[in-house]
Amino acid sequence: MHRVNRKTICLLLGSSLLLGACALPEGEFPSLAKRPYETEAPIVEPPAEAEILSTSLPDSLRAQLQALTDRHNAADAAFRNALPAARQAAQLGSGAAEGSEGWVVAHMEISKLEKLRSDSLSALAEIDRLIAAERDKGADEGIIRLAAPYQEAVRTDVDAQTRTIVELSNLPG
């Protein structure tokens with residue numbers, strides 16, 4: 001009697017199964033290619049609900065912003081009132097020797113302008129701080145946008161004051 005090796009039986013069975021798979025009838029079989037939805041429109045998270053933005057400032061914040069704007073307006077008015085004297089002194093001191101009376105008067109008048117501008121600078125810094133505090137508290141963008149015009153109005157004036165002081169500082173001496 002002939003003995004059959006187990007390895008041989010397993011090998012014969014395995015190869016017949018593999019060959020049988022190759023002999024399947026022709027037809028449409030599932031493809032491993034990417035489907036259109038996998039390449040054309042990738043899956044994304046659904047858009048979040050639109051955030052409802054505030055349409056008015058809280059009364060306390062509005063009052064603080066208005067008080068700081070008023071403080072700046074007073075400082076800006078004082079700056080503008082002192083400007084003609086400073087401009088005249090700077091023009092008279094233009095070309096004067098360093099340390100001469102004209103030079104000293106021009107620098108004193110420009111220093112007065114810088115001092116008058118300091119209240120506008122501190123008001124702007126305080127407005128910036130208030131807006132940053134609102135952001136830190138998680139205020140919605142509506143509140144930040146409503147506070148921005150106060151900030152921009154003061155910043156525009158402060159920038160103009162700075163340009164004027166630089167312009168006048170370049171005249172003497």
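A salt bridge is taken here as a side-chain nitrogen of Lys or Arg within 4 Å of a carboxyl oxygen of Asp or Glu. By that criterion the structure, which is a predicted model, holds nine salt bridges. This report treats some of these pairs, then the helices and nonpolar cores, and finally two buried polar residues.

## Salt bridges

Three pairs are set out below, each with the separation of its N and O atoms.

| Acidic residue | Basic residue | N to O distance |
|---|---|---|
| Glu167 | Arg87 | 3.1 Å |
| Glu126 | Arg129 | 2.6 Å |
| Glu134 | Lys137 | 3.0 Å |

The pair formed by Glu167 and Arg87 connects distant parts of the chain, with Glu167 in helix α5 and Arg87 in helix α3, 80 residues apart. Glu167 has a relative accessible area of 43% and is therefore classed as partly exposed. Arg87 is likewise partly exposed, at 27%. A further relation between distant positions involves Glu167 and Ala90: they are separated by 77 residues in sequence, while their C-alpha atoms lie 9.5 Å apart.

The pair formed by Glu126 and Arg129 is local. Both residues belong to helix α4 and are three residues apart, about one turn of the helix. An α-helix has 3.6 residues a turn, so residues three or four places apart point the same way. Glu126 is partly exposed, with a relative accessible area of 28%, and Arg129 is partly exposed as well, with 43%.

In the pair of Glu134 and Lys137, the partners fall into opposite accessibility classes. Lys137 counts as exposed, because its relative accessibility is 64% and the threshold for that class is over 50%. Glu134 counts as buried, because its value of 12% falls under the 20% limit.

Beyond these pairs, Asp128, Glu152 and Arg155 are joined into one network by salt bridges that share partners.

## Helix α3

Helix α3 covers residues 59-93. At 1.5 Å a residue, its 35 residues should span 51 Å, and the C-alpha atoms at its ends are 49 Å apart, so expectation and model agree. The helix nevertheless carries a kink of about 40° at Leu83, shortly before the proline Pro84. Just after α3, Gly95 adopts a positive phi of about 85°.

## Nonpolar cores

In soluble globular proteins, nonpolar side chains tend to be buried together. In this model the largest nonpolar core has 14 residues, of which Leu57, Leu61, Leu65 and Ile127 touch the most other members. Two or more residues are contributed by each of α3, α4 and α5, the last of these covering residues 141-169. Helix α5 gives the most to this core, with six residues.

Separate from the largest core is another one, of nine residues, including Ala82, Leu83, Ile110 and Leu113. Leu83, listed among the members of this second core, is also the residue at which α3 is kinked.

Within the largest core, Leu61 is one of the residues that touch the most other members. Once neighbours within four places in sequence are set aside, Leu61 is in contact with Leu130, Glu134 and Ile143.

## Buried polar residues

Glu134 is located in helix α4, which covers residues 101-136. With neighbours up to four places away in sequence left out, Glu134 touches Leu61, Ala139, Ile143 and Ile144. Leu61 and Ile143 thus appear as contacts of Glu134, and Leu61 in turn has both Glu134 and Ile143 among its contacts. The side chain of Glu134 also makes a polar contact of 3.0 Å with that of Lys137.

Thr69 is a residue of helix α3. It is buried, because its relative accessible area is 12%, under the 20% cut-off. A polar atom of the Thr69 side chain lies 2.8 Å from the backbone oxygen of Leu65. Leu65 is itself one of the residues that touch the most other members of the largest core. Leaving aside neighbours within four places in sequence, Thr69 is in contact with Ile127, Tyr150 and Val154. Of these contacts, Ile127 is also named with Leu65 in the largest core.

Note on methods
Residues numbered from 1 in each chain as written. Predicted model: local features only at pLDDT ≥ 70, side-chain atom pairs only at ≥ 80, totals over all residues. Heavy atoms only, no water. Helix = DSSP H or I, 4+ residues; strand = E, 2+ residues; numbered from the N terminus. Polar contact = N/O pair within 3.5 Å; in protein donor to acceptor, adjacent residues only side chain to side chain. Contact = heavy atoms within 4.5 Å. Core = buried A, V, L, I, M, F, W, Y, C linked by side-chain atoms within 4.5 Å. Buried < 20%, exposed > 50% of the residue type's maximum accessible area, 1.4 Å probe, protein only. Expected span 1.5 Å × (residues − 1). Bend = angle between axes of the 7 residues up to and from the residue.
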